[in-house]
Amino acid sequence: MNFKPNSAIAAAVLAIALLAGSLATANEVRSQHGVVVTRSELASMAGTEAMAQGGNAVDAIVAAGFALAVTHPAAGNIGGGGFMVIRLADGTLFANDHREIAPAAAFRDMFLDADGDYNPQKALRSHQASGVPGSVAGLLTVHEKFGVLSREQVMAAGIRLAKEGFPLTEDLARQFSARKDQWLKSAGAKRVFLKPDESSYEPGELFVQADLALTLERISDQGRDGFYKGKTAQLIVEEMERGSGLISLDDLESYESVWRDPIVGDYRSYQVVSMPPPSSGGVLLVQMLNMLEPFHLSELGVATSSSMHLMVEIERRAYADRAIHLGDSDFYPVPIALLTNKGYALSRFKDFDSNKRSQSRDIAAGNLLVESEETTHLSAIDGKGNAVAYTTTLNSGYGSGIVVQGAGFLLNNEMDDFSSKPGVPNQFGLIGAEANAIEPRKRMLSSMTPTIVVHDNKPVIVTGSPGGSTIITTVLQVITNVLDHGMTLNDAVAQPRFHHQWLPDVVTLERNGFSTDVVDELQELDHEIKYRNAIGDANTAGSRDGWIIGVSDPRNTGYASGLLDPPQEKETVESPSR
C-alpha cells in the first residue's frame with residue numbers, strides 16, 4: 001500500500017481515501033506508530049501531532065478533544081461532558097465519567113409548567129437546560145494521570161485553531177446558516193456564529209473564535225482552575241443570571257470527574273471493555289452479546305432477515321431492561337452484575353421464536369429515555385498498544401444554542417436527559433422512569449458506549465458512536481461485523497445498519513441499505529419497518545496483521561489520521577499540569 005504524507009498542522013501523518021461499500025467515500029489509514037479517528041480532520045491531525053511529539057494515545061485523545069471543541073461545535077465541546085474508556089498496553093483498564101451533573105438548585109419538577117405538563121422549550125432551549133459541564137475536568141484528569149506531554153502541548157492545536165481560525169467546511173457553514181434564528185436569541189451565539197452584520201458565514205471563509213481561544217488559554221495556563229474558577233467560571237455564572245439558569249460558582253468549583261470500574265465481558269474468545277453507569281451502553285452491549293453468543297450468527301449471514309430478526313429480538317429485551325434498571329449508580333442501585341450475567345441472558349432470551357417477532361408490550365413494562373443524536377466519538381491507538389475510546393456530547397446539536405458571552409462556548413442541554421415527568425416523552429419521543437428522575441448533583445442517564453475489544457492482548461476494535469438510543473446497537477453491529485462475519489474494519493463500519501429499542505415497537509433501517517426481499521421477509525415475521533437516513537457515526541480504530549488501522553465512518557465527513565514516522569521518544573514530562 002502506498003502511503004502519502006500530509007503535512008497539515010506540522011504533524012507527520014498520512015491518510016488513504018478508500019471507497020466504503022456503496023455508502024460514500026470513507027477514509028482509512030494504516031500505521032505502525034498510531035492512529036486517531038474523529039469527526040473532524042483538523043482534530044484527528046491534532047491528535048497525531050501529539051503522537052508525533054512523543055505523546056501516547058491519551059495525549060492524542062486529549063489534544064483531539066480540545067481541538068474538536070473548536071472545529072466541531074455541534075458536539076465537540078468544553079461545555080458538555082463525556083465518557084472515556086482506556087486500556088493501557090499492560091492490559092490495565094480504566095473508565096472516566098465526566099458526565100454533566102444537575103446543579104444543586106435543580107429539582108424534580110423543574111421542567112413542568114403550572115398545569116404539570118412537560119415544557120420542552122424550557123428543557124431544551126433555556127439556561128436551566130444546562131447541567132454542570134464535565135468535559136474540561138475529564139480531559140484534564142485523564143491527561144494528568146496518563147499523559148506524557150505537557151498540558152500546554154496537548155492544548156496548543158485547539159488554541160491555534162480558535163485564535164487563527166480555519167476555513168469553514170461546507171457542512172459546518174450549512175449548519176450555522178440553518179440555525180440563524182437560534183443564534184439571534186443568544187447574544188453570545190450571535191457573536192460566534194454570525195458575522196458582525198448578522199449575515200451567515202459561507203463555505204471556505206475563515207472562522208475565528210477569539211473568545212474561545214482566550215478560554216482555552218486560561219485552561220492551558222491554569223488547569224481546571226482556568227475553567228471551574230476565576231474568569232471563565234464568573235462568565236458562566238453571569239450567563240446563568242441573564243437567563244435564570246441554575247449553575248452556581250459552587251457547582252463549578254465542586255465538580256469532579258469520577259473514575260469507575262469498566263464493564264468487562266467476554267464474547268467468544270474476545271474481551272469487551274465498555275462504559276458503566278450512568279452510561280447504559282456497556283451494560284446493554286455485554287447483555288446483548290451474552291444473548292447472542294449461543295447462536296451461530298455467521299451462518300445466518302450478513303443483513304439477512306434471519307440474522308436481523310435474531311438481533312432485533314435481543315435488542316428488544318435489552319432495551320426493556322434499560323428502561324427499568326439503568327440510572328446513575330451513585331443514586332440508584334443498578335443491578336450491573338445481574339444484567340451482565342450470562343445465565344441471566346439465557347433466561348431472558350428463552351422465549352425467542354425464530355419464526356415470529358415478540359410484542360414489546362409483552363416483554364416488560366417500563367419507560368425509556370435517551371440523549372440526542374448529536375454526540376461524537378473519538379478513537380485512538382498508539383504504537384505501544386495503549387488504546388482510548390472517547391464519546392462526548394452537548395446533547396442536542398449545538399446544545400441549548402446558548403453561548404456563554406465572553407467565553408465563546410456553547411452550553412449543553414443535558415438536563416433534558418433526565419426523566420422530567422414519568423410517562424411523558426422527551427424531545428425524541430421517548431419516556432423516562434424513576435431511576436432517572438432529576439435530583440441535585442445527579443448524573444443523567446446516557447447511551448454513550450465507548451468500547452475496546454481485546455484479543456491476544458491487543459486492542460482489535462476501538463469504537464463508539466453518536467446517535468442517542470442507536471449508539472448501543474451501532475457499536476453492537478460494528479463488533480459483530482468484525483468478530484462474527486469476518487469483515488475488515490472498513491467494511492464493518494460501512495455496513496448498513498438497523499435498530500430496535502423496545503419502544504417504539506418498530507425496526508428502523510437505513511434507507512436504501514437493505515434488499516426488498518429482506519424487508520419483505522421481516523414484514524412477514526410481523527416486524528413494522530421504518531426508514532431513516534444514516535444511523536451512527538462510528539469512527540473506529542483497531543489492529544490487524546501487524547498494522548494499526550483507523551477508519552472514519554463514511555456517513556459523515558470524519559477523518560482517520562495516522563502517524564507516518566516514529567514519534568519522538570518521551571517518557572515523562574514535568575509541567576505545571578502534573
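Is Ser-130 buried or exposed in this structure? At a relative accessibility of 1%, Ser-130 counts as buried, and I should say straight away that this, like everything else I will describe this morning, is read from a predicted model. Ser-130 sits in the loop between H3 and helix H4, the latter spanning 135-146, and from C-alpha to C-alpha it is 8.5 Å in space from Glu-100, with the two positions 30 residues apart in sequence.

Let me stay with serines for a moment and turn to Ser-186, which belongs to the loop between helix H7 (180-183) and helix H8 (187-193). Ser-186 has a relative accessibility of 6% and is therefore counted as buried, and a polar atom of its side chain lies 3.3 Å from the backbone nitrogen of Val-403.

Now to the charged residues. Side chains of opposite charge can pair when their charged atoms come close, and in this model the count comes to 33 salt bridges. I will take three pairs and then a network.

The first pair I want to show is Arg-30 with Glu-28, whose side chains form a salt bridge at 3.4 Å, N to O. Arg-30, at 22% relative accessibility, is classed as partly exposed, while Glu-28, at 6%, is classed as buried, because buried here means under 20%. Glu-28 also has a polar partner in Asn-490, since their side chains are joined by a polar contact of 3.2 Å. Asn-490 itself lies in helix H20, residues 489-494, and counts as buried at 6% relative accessibility. For orientation, the C-alpha of Asn-490 is 18 Å in space from that of Ile-471, and these two residues are 19 apart in sequence.

The next pair is Arg-99 and Glu-414, where the side chains meet in a salt bridge of 3.1 Å, N to O. Arg-99 is in the loop between strand E7 (93-98) and helix H3 (120-125), and Glu-414 is in the loop between strand E14 (387-393) and strand E15 (451-455), so this salt bridge ties together parts of the protein that are 315 residues apart in sequence. Both of these residues, Arg-99 and Glu-414, are buried.

What, then, does Arg-441 pair with? The side chain of Arg-441 meets that of Asp-251 in a salt bridge of 2.8 Å, N to O. Arg-441 lies in the loop between E14 and E15, whereas Asp-251 lies in helix H12, residues 249-254, so that here the pair ties together parts that are 190 residues apart in sequence. Within this pair, Arg-441 counts as partly exposed at 29% relative accessibility, and Asp-251 counts as buried at 1%.

As for the network, salt bridges link Glu-313, Arg-316, Arg-317, Asp-351, Arg-357, Asp-505 and Asp-526. I would ask you to keep Asp-526 in mind, as I will come back to it under backbone geometry.

Before that, a word on the surface. Asp-517, Asp-520, Glu-521 and Glu-524 together form a negative surface patch. Glu-524 lies in helix H21, which runs over residues 516-524, and with a relative accessible area of 68% Glu-524 is exposed.

Finally, the backbone. Most residues other than glycine have a negative phi, and most peptide bonds are trans, and with that in mind I have picked out four places to look at in the model.

The peptide bond between Pro-277 and Pro-278 is cis, with omega at about 20 degrees, and Pro-278 is placed in the loop between strand E12 (270-274) and helix H13 (281-292). A cis peptide bond also runs from Leu-503 to Pro-504, where omega is near 0 degrees, and Pro-504 is found in the loop between strand E17 (498-499) and strand E18 (507-510).

Turning to phi, Asp-456 has a positive value, near 55 degrees, although it is not a glycine. Asp-456 lies in the loop between E15 and strand E16 (458-463), and at 64% relative accessibility it counts as exposed.

That brings me back to Asp-526, the network member I asked you to remember. Phi of Asp-526 is likewise positive, near 80 degrees, and the residue lies in the loop between H21 and strand E19 (529-532). At 41% relative accessibility, Asp-526 counts as partly exposed.

Key. Residues numbered from 1 in each chain as written. Predicted model: local features only at pLDDT ≥ 70, side-chain atom pairs only at ≥ 80, totals over all residues. Heavy atoms only, no water. Patch = residues over 30% accessible without salt bridge, like charges linked within 9 Å, V, L, I, M, F, W, Y side chains within 5 Å. Areas by Shrake-Rupley, 256 points an atom, 1.4 Å probe, with all protein chains shown as cover. Salt bridge = Lys/Arg side-chain N within 4 Å of Asp/Glu carboxyl O. Lys, Arg positive; Asp, Glu negative; His and termini not counted. Charge placed at Lys NZ, Arg CZ, Asp CG, Glu CD. Helix = DSSP H or I, 4+ residues; strand = E, 2+ residues; numbered from the N terminus. Buried < 20%, exposed > 50% of the residue type's maximum accessible area, 1.4 Å probe, protein only. Polar contact = N/O pair within 3.5 Å; in protein donor to acceptor, adjacent residues only side chain to side chain.
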